[in-house]
Amino acid sequence: MSIAELEGQLVGPTVPTGGLWHEAWRRLRRDRGAIVGFIFVCCFVLAAVLAPIIAPYGPLDQDLALITKGCCPGPSSAHWFGVDQLGRDELSRILWGARYSLIIGVVSVTVGLSIGVTLGSIAGYFGGAVDNIIMRLMDIMLAIPGLLLAIGIVAVLGPGLFQIMIAVGVTSIPIFARLIRGSILSQREADFVLAARSVGVPRRSILGSHILPNSISPVIVQGTLSLATAIIDVAGLAFLGLGDPDPSRPEWGAMLTNTNEYLQSAPFLAIIPGIAIVISALGFNLIGDALREALDPKLRGRA
Amino acid sequence: MLRFIVRRLLLLVPILIGLSILIFFWIHALPGGPAQALLGERATPEAVAQIRHDLGLDKPIYEQYWAYVRTTAEGNLGVSISSRRPVTTEIRERFPATVELTIAAMIFALSLGIPLGFYAAKRHGSAFDHASLVGSLIGISIPIFFLAIILKYIFAVRLGWLPSIGRQSVLINAEHPTGFYVLDGIVTGNWNAAWDAVQHLILPAIALGSIPLAIIARITRASALDVQNEDYVRTARAKGMSPGIVDRRHVMRNALLPVVTIIGLQFGLLLGGAVLTETVFAIPGMGSWLAQAIFNRDYPVIQGGVLFLAIVFVMVNLIVDLSYGFLNPRIRVS
């Protein structure tokens with residue numbers, strides 16, 4: 001490292017920064033991983049939104065004539081991804097299935113994030129006994145393996161898509177709570193918070209307008225990564241038989257699981273939904289990962 | 001050090017009490033009791049009442065909780081409702097299977113992840129480095145059970161290289177003094193049995209170890225990158241120490257500290273992931289057993305099993321924290 005470079009680091013940002021978010025966006029646009037992730041996620045979201053328009057068949061349309069010669073005809077010009085064991089077009093089901101995965105991901109992360117952030121901020125800001133009680137509760141939740149906890153919650157709430165989303169969301173509460181609490185603890189004694197307190201800003205608005213905005217970037221990163229985990233976990237629950245009670249619904253995890261017995265004759269029926277899950281999860285993971293780097297204050301100001 | 005251990009052990013007490021209460025009330029919130037699950041279609045109100053009475057479920061809830069705490073403290077976790085065997089006996093049989101699988105997965109993840117991460121850090125910015133980053137992201141994006149199904153299909157069904165289900169071939173005649181099949185084979189000198197058990201472990205361990213592998217490789221890479229630029233590393237290089245020794249003594253030792261923490265965290269995830277892996281490969285371990293118990297409303301199994309796993313998990317984290325102190329003298333003082 002040359003002396004000029006060293007000096008550059010000591011002096012601070014070498015590039016003018018236009019605020020954390022502006023700069024993060026600038027860095028994201030240069031990150032190849034982020035771009036690939038963005039493309040994957042766009043495909044996923046477009047498939048979900050446009051499924052009724054672009055899907056060549058309905059998700060439940062059956063053509064039994066196609067499977068009279070055994071299960072199951074592979075990819076052809078009429079059915080790009082082949083036909084499943086009930087004579088339904090696999091491509092159409094994958095496209096429709098994107099809707100479920102998207103909703104599942106968004107709802108469960110919203111549940112986990114909002115409850116987790118609320119609990120974590122309360123614990124971090126008030127400290128003392130409140131902090132102790134909340135964080136011990138989080139410890140207890142973390143002591144149960146995540147998937148078992150989710151299975152348990154589905155068992156209590158009963159089967160159903162909504163219940164599954166809640167279960168998967170709840171398992172991520174402690175992660176968000178810990179993250180935001182740690183972040184707030186490090187902010188609580190910061191100079192700008194002290195300054196705000198000394199001029200008499202009320203507690204609630206210190207938390208809301210000074211501390212939280214400065215603590216939120218790790219939560220956004222974690223939220224993006226959790227979208228991937230949620231999609232994967234829901235598929236796992238479906239695999240264990242705790243999925244959607246309606247087997248006709250084109251949910252990816254259920255599609256993968258229900259075709260398990262045709263693995264010999266038609267492996268593509270398991271592989272295609274599997275790849276769909278991997279691509280959507282990978283998309284969110286790539287974006288989350290790039291966001292983490294783009295928002296990292298330690299890397300700020302470097303071109 | 002001793003004070004630290006005692007303090008940490010004392011902190012466990014409220015967690016375990018909270019956990020036992022949580023599990024107890026959660027189980028009683030489950031719709032449909034074990035009586036319905038046992039009797040199924042044949043459930044008449046009288047038969048259900050009889051079973052509830054036999055199991056003590058008609059007593060007041062606080063009495064049930066107290067009875068549960070008392071027997072648990074004695075080390076008695078009750079009798080499984082569906083198999084009618086003591087829960088502790090079942091745990092003794094099944095826990096080794098899960099531990100064996102978890103350890104195998106961890107060995108796979110560590111033996112591949114640490115060198116990969118370290119090499120990627122040494123070649124920072126190279127094609128290998130980029131490939132390792134992308135590869136690790138793909139690794140955490142593949143659902144375990146999907147990978148397990150694919151591995152089973154390719155290597156067991158199609159190629160026939162490895163067994164597809166269970167822990168041991170039917171033809172193998174082996175004794176099991178410890179319950180860890182690989183260890184059993186070695187202890188009894190039955191090398192065939194040990195090798196057979198290892199073969200049964202390979203595919204499940206790869207499937208289960210894929211996520212920790214990705215995470216360990218990333219953490220190792222990131223922390224090796226950090227350490228590489230530390231002053232003491234530069235000093236060591238500057239004074240002419242051979243690169244191999246610098247890597248081993250200065251970079252490796254410090255870079256592995258965060259990896260130790262990750263091992264503890266991953267252990268819990270592995271126990272959860274074991275549910276899926278055990279199901280795909282029909283391994284009679286804790287995970288698939290507990291999932292089944294929840295379906296069957298097998299109260300004693302759920303209570304005992306989840307409590308047991310939670311204790312194990314908390315203990316592993318404690319051990320990880322302690323070993324952290326051993327590895328890093330700097331935090332021992334504070």
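**Notebook: contacts, burial and confidence**

I looked up B:Gly305 and found that, leaving out residues up to four places away in sequence, this glycine touches B:Val87, B:Ile91, B:Met286, B:Trp289, B:Leu290 and B:Ala293. The model I am reading is a predicted one.

I placed B:Gly305 in helix 14 of chain B, which spans residues 299-327. I then asked whether B:Gly305 is buried or exposed. B:Gly305 counts 26 other C-beta atoms within 10 Å, and the cut-off for buried is 20 or more, so I put B:Gly305 down as buried. I also checked B:Glu90: its C-alpha lies 9.4 Å from that of B:Gly305, with their positions 215 residues apart in sequence.

Next I turned to A:Trp96, in helix 4 of chain A (residues 90-126). I found 21 other C-beta atoms within 10 Å of A:Trp96; 20 or more are needed, so A:Trp96 is buried. Its contacts, not counting residues up to four places away in sequence, are A:Ala51, A:Ala55, A:Pro59 and A:Pro250. For A:Ser265 I noted a C-alpha separation of 24 Å from A:Trp96, the two being 169 residues apart along the chain.

I then went through chain A as a whole. I listed 12 helices and zero strands. Of the 303 residues in chain A, 46% are buried. I took the contacts in chain A between residues at least 6 apart in sequence and found that 72% of them join residues at least 24 apart.

For the interface, I recorded 34 residues of chain A in contact with 36 residues of chain B. On the chain A side, the elements that give two or more residues are helix 5 (128-143), helix 6 (146-157), helix 10 (203-239) and helix 12 (268-295). Which of these gives the most? I found that helix 12 of chain A does, with nine residues. By class, I noted 23 nonpolar, eight polar and three charged residues on the side of chain A that touches chain B.

Last, I checked confidence. Chain A averages a pLDDT of 78, and 85% of its residues score at least 70. Among the elements of chain A, I noted the lowest mean pLDDT, 47, for helix 1 (residues 3-11) and the highest, 89, for helix 7 (residues 161-171). Over residues 1-15 of chain A pLDDT stays under 50, and the model has 10 contacts beyond four places in sequence for this stretch. Where pLDDT is low, predicted coordinates should not be read in detail.

Methods
Residues numbered from 1 in each chain as written. Chains lettered and ligands numbered in written order. Predicted model: local features only at pLDDT ≥ 70, side-chain atom pairs only at ≥ 80, totals over all residues. Contact = placed C-beta atoms within 7 Å. Helix = DSSP H or I, 4+ residues; strand = E, 2+ residues; numbered from the N terminus. Nonpolar A, V, L, I, M, F, W, Y, C, P; charged D, E, K, R; others polar. Buried ≥ 20, exposed ≤ 12 C-beta atoms within 10 Å, placed from the backbone. pLDDT = per-residue confidence, 0-100.
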